[in-house]
Amino acid sequence: MNLTEEAAEVGYISRSAPKGPELIEAIKKLKAEKNAVILAHYYVDGDIQELADFVGDSLGLSQAAEKTTADLIVFCGVHFMGETAKILNPSKKVVVPDFNAGCSLADSVPVVEFAALKAKHPNAVVVSYINCSAEIKAMTDIICTSSNAVQVVESIPNDQEIIFAPDANLGRYVAHKTGRELILWEGACMVHIDISLEKLKKLRVEFPDALLIAHPECKEMILREADYVGSTTALLNYVEKSERQTFIVATEAGILHKMKMAVPNKHLIPAPANEQNSCACSECPYMKMNTLEKLYNALYYELPEIHLIEEIRIPAYKALKAMLEISK
């Protein structure tokens with residue numbers, strides 16, 4: 001099969017790549033030669049974060065994607081993030097290291113079922129969390145992220161009915177913060193809902209001086225226990241500014257890479273998952289599909305590429321632009 005067929009069928013380009021330090025230098029060289037920008041989410045491996053031009057949460061990455069002057073965007077994250085970059089940059093080539101890097105939350109919203117919910121509430125404003133497919137974004141009035149979800153909902157008149165999708169935990173958190181009644185889609189992130197309350201309580205006994213900080217995608221029972229709740233970037237900022245020295249971090253463990261760089265002398269403890277795994281923490285298997293070798297091949301071959309039809313991209317762009325205007 002040719003390269004395009006391989007990217008479509010396998011999900012990534014599997015070719016030999018340089019090893020060790022040579023791989024890092026080869027990626028840097030390709031990036032410069034192709035006027036490429038590497039965008040990476042906080043949850044991908046630290047080695048990729050170190051190479052990225054911008055590392056951030058969904059809001060920050062959307063803003064960076066909109067502003068870039070690069071010819072080629074390489075998005076190291078999950079599939080909907082690459083789609084978001086393409087929605088904002090239709091004339092640029094957007095590639096991802098592995099097309100298989102999906103999102104359990106985005107997958108929880110089938111288009112047909114979501115259309116049925118909208119039909120039941122024809123006058124509702126649809127607010128969709130950015131962790132959704134381009135097709136769902138195209139059915140949305142305004143996108144939000146965990147950084148600005150409260151701000152987005154508060155921008156909507158109080159007498160206006162609101163559908164909030166797909167993360168029900170974030171939706172319940174926003175409803176609590178705003179006092180608004182929201183029609184919730186019962187979706188969830190497999191990583192955040194697997195954080196173990198029982199193990200967290202044991203950690204808090206072991207580290208009585210630790211502050212528990214949590215992402216609003218966590219279950220409500222975790223958020224009730226938390227000393228601070230915020231987006232990935234907000235958690236990072238909180239740890240940097242706090243005078244406290246020990247933190248239990250209830251979100252995907254990839255954020256600890258940036259946290260350790262920002263506060264090397266503080267004690268950062270990843271929140272434990274119910275599932276037994278090698279790191280005893282909460283990791284997204286999709287984020288970890290991004291590797292340096294796949295990043296190199298995505299840059300070299302400019303595949304797999306994100307494609308969107310205009311009938312989907314244009315309404316999705318309007319919903320994203322509405323969010324970005326609020327978040328300036």
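This passage describes two parallel sheets, the helices that pack on them, and one loop residue in a predicted model.

Strands of a sheet pair through backbone hydrogen bonds, in either a parallel or an antiparallel manner. In one open sheet of the model, four strands follow the order S2-S1-S3-S4 with parallel pairing. Strand S2 (54-56) and strand S4 (93-95) each have a single partner strand and stand at the edges, so one side of each is left without a neighbour in the sheet. On average, and with direction ignored, neighbouring strands of this sheet are turned by 20° against each other. Strand S3 (residues 72-76) runs parallel to S4 and is joined to S4 by three bridges, and Leu72 has Lys93 in S4 as its bridge partner. Helix H5 (residues 79-88) lies across strand S1 (36-41), S3 and S4 at about 155° to S3, while helix H15 (residues 292-301) lies across S1, S3 and S4 at about 160° to S3.

Another open sheet has four strands in the order S10-S9-S11-S12, again with parallel pairing. Its edges are formed by strand S10 (228-229) and strand S12 (267-270), each of which has a single partner strand, so one side of each is left without a neighbour in the sheet. Strand S9 (residues 211-214) and strand S11 (residues 246-250) run parallel and are joined by four bridges, with Ala214 standing opposite Ala250 in S11. Helix H14 (residues 255-262) packs on this sheet, where it touches S9, S11 and S12, and its direction makes about 175° with that of S12.

Ser155 is found in the loop between helix H9 (149-154) and strand S7 (162-165). This residue, Ser155, is partly exposed, because its relative accessible area is 41%, which lies between the limits of 20% and 50%. The C-alpha atoms of Ser155 and Ile326 are separated by 8.3 Å, although these residues are 171 residues apart along the chain.

Technical notes: Residues numbered from 1 in each chain as written. Predicted model: local features only at pLDDT ≥ 70, side-chain atom pairs only at ≥ 80, totals over all residues. Heavy atoms only, no water. Helix = DSSP H or I, 4+ residues; strand = E, 2+ residues; numbered from the N terminus. Buried < 20%, exposed > 50% of the residue type's maximum accessible area, 1.4 Å probe, protein only. Pairing = 2+ DSSP bridges. Contact = heavy atoms within 4.5 Å. Axes fitted to C-alpha atoms, helices over the stretch in contact; angles between N-to-C directions.
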